[in-house]
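Trainee: I have a model open on my screen and would like to learn how to read it. Could you walk me through a few features?

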Amino acid sequence: MAPGAAPAREVVQDVGTPAEVLERHNLDPSEWHAVRFKEWEAQKKGGAIQTLCSSEFRRIDKAAEAMQRINWQPRPRVPFRSTPAKQYALVVPDAQIGYSRGRDETLTPYHDRRAIDVCIQAAQMLGDSLAFIVFCGDMLDCAESTRTFSRPASTQRTTWPAVLEWRWIMERFRMAAPHAACYWLAGNHEQRIQRVLTDAAPELSDLPPADDATGPPLLSMERLCGLDSIDVHYLGPYGSKEGELFHPWGIRFHHGQKVGAKGGQSVSKNLADALCSNIFGHVHRLEVAYATRPDERGQRRDIFAATFGCICHTDGRVPSNKPHHDWQQGLGILTRCTDGWVEPTAVRIRPGGRAAVFGQELTGSDYISDLRADTNYPY
Ligand SMILES: [Fe+2]
Ligand SMILES: [Fe+2]
């Protein structure tokens, strides 16, 4: 806007038909919607009755219009036709999807789109034998919904684009790995939304719609992201037994709560009291450790603890109380050999969204133009 210029009008209301009001106010019909038309009868001076009308126009909100045109595709899981002898699982760690909204409305993402894309490429590479994917929590940052930390203006109106982008990303995973069961574990960041609801309106926070009384609550992650149509299972709340996945491969998946002071210490702490192999997120570091212990019959038991880093930016833009982070980007792959042995592989994602997965070099790309085209959101 030029200095001293009047702010753009958003609503125009005047006497006359829509065509008359459009012409009188010089409104471009492609930029203005008629939202209200009223007609009434009035008496003229001589007693005759005349019909008068008024029209109200509202400026079209391009972003809001675009949202109404999103055409999400139902993409249910397609089970394996025959179970592969050797199978894989993919673990996708903390993405912290969110943005800093600038004064000019530009959205600077917390999440690293190249790192996310490399995870999707890994899913595609393993697709025919990928049995399941675990999104390990903190996939959404939900900075706008924190009630523990301050919420700068840059966090405002960021929840909706984050929900759209995350749903779009999950669809890409579903297409890359049509046979994979997909699990999304609640992290402490997703829990922020539930906490806001519970604290502000406990009587409403867990109500399902009347026509789906046994389904998830109205403002659940399941409904916000439309998880049903892409067969993604949300496990929550964070910190509860329901928020964990005990997988038949003998592994406990959870978002995690403990963070060690230095690299290696988080998995070490976890192994100290672990009864089975554990995979968790939350730490944003890439760590794997192993332990060999006798079981109750004195037989050798091998377990591991692993956390696979993060796929958010690590340059300090993700809100936290530190200017520098000891964080690494990565992803995890589990290989289930034909004899049932499960082996974890930590894959480092290096700058530029590059990763070597079982010897194959993958380079992630920024998918923003596809995201814009598919969601019509002005990212
Ligand atoms: Fe976390
Ligand atoms: Fe996190």
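**Reading helix packing**

Mentor: Gladly! Keep in mind that this is a predicted model. Let us begin with a pair of helices: H3 and H4 are roughly parallel to each other, because angles under 35 degrees count as roughly parallel.

Trainee: How is such a pair described in general?

Mentor: Two packed helices are described by the angle between their axes and the distance between those axes. Here, helix H3 (residues 113–126) packs on helix H4 (residues 159–176) at an angle of about 20°, and their axes are 8 Å apart. The crossing of H3 past H4 is right-handed.

Trainee: Which residues of H3 and H4 make the contact?

Mentor: On the H3 side they are Ile116, Ile120, Ala123 and Gln124, and H4 contributes Ile169, Arg172, Phe173 and Ala176. Sorted by class, the contact of H3 with H4 has 6 nonpolar, 1 polar and 1 charged residues.

Trainee: At what angle do H4 and H9 cross?

Mentor: The axes of H4 and helix H9 (residues 368–375) cross at roughly 105° and come within 11 Å. That makes H4 roughly perpendicular to H9. Leu164, Glu165 and Trp168 of H4 meet Leu371, Asp374 and Thr375 of H9. By class, this contact of H4 with H9 has 3 nonpolar, 1 polar and 2 charged residues.

Trainee: Now for burial. Why do the buried residues of H8 line one face of the helix?

Mentor: The general idea comes from the helix itself. An α-helix has 3.6 residues a turn, so residues three or four places apart point the same way. In helix H8 (residues 265–272), the buried residues are Ser266, Val267 and Asn270. Looking down the axis of H8, you find these buried residues within an arc of 95°, so they line one face.

Trainee: Which strands do the buried residues of H8 pack against?

Mentor: They pack against three stretches: strand E12 (277–280), strand E13 (286–294) and strand E14 (300–308).

Trainee: Could we finish with a single residue? Is Thr335 buried or partly exposed?

Mentor: Count the C-beta atoms around the residue; 20 or more within 10 Å would make it buried. Thr335 has 16 others within 10 Å, so Thr335 is partly exposed. Thr335 belongs to strand E15 (residues 330–336).

Trainee: What is Thr335 in contact with, beyond its neighbours within four places in sequence?

Mentor: Its contacts are Tyr88, Glu343 and Thr345. Take Thr345: this residue is 10 residues from Thr335 along the chain, and their C-alpha atoms are separated by 7.9 Å.

Key
Residues numbered from 1 in each chain as written. Chains lettered and ligands numbered in written order. Predicted model: local features only at pLDDT ≥ 70, side-chain atom pairs only at ≥ 80, totals over all residues. Buried ≥ 20, exposed ≤ 12 C-beta atoms within 10 Å, placed from the backbone. Helix = DSSP H or I, 4+ residues; strand = E, 2+ residues; numbered from the N terminus. Arc of directions from axis to C-beta. Contact = placed C-beta atoms within 7 Å. Axes fitted to C-alpha atoms, helices over the stretch in contact; angles between N-to-C directions. Parallel < 35°, antiparallel > 145°, perpendicular 65-115°, else oblique. Left-handed = near helix turned anticlockwise from the far one by under 90°. Nonpolar A, V, L, I, M, F, W, Y, C, P; charged D, E, K, R; others polar.
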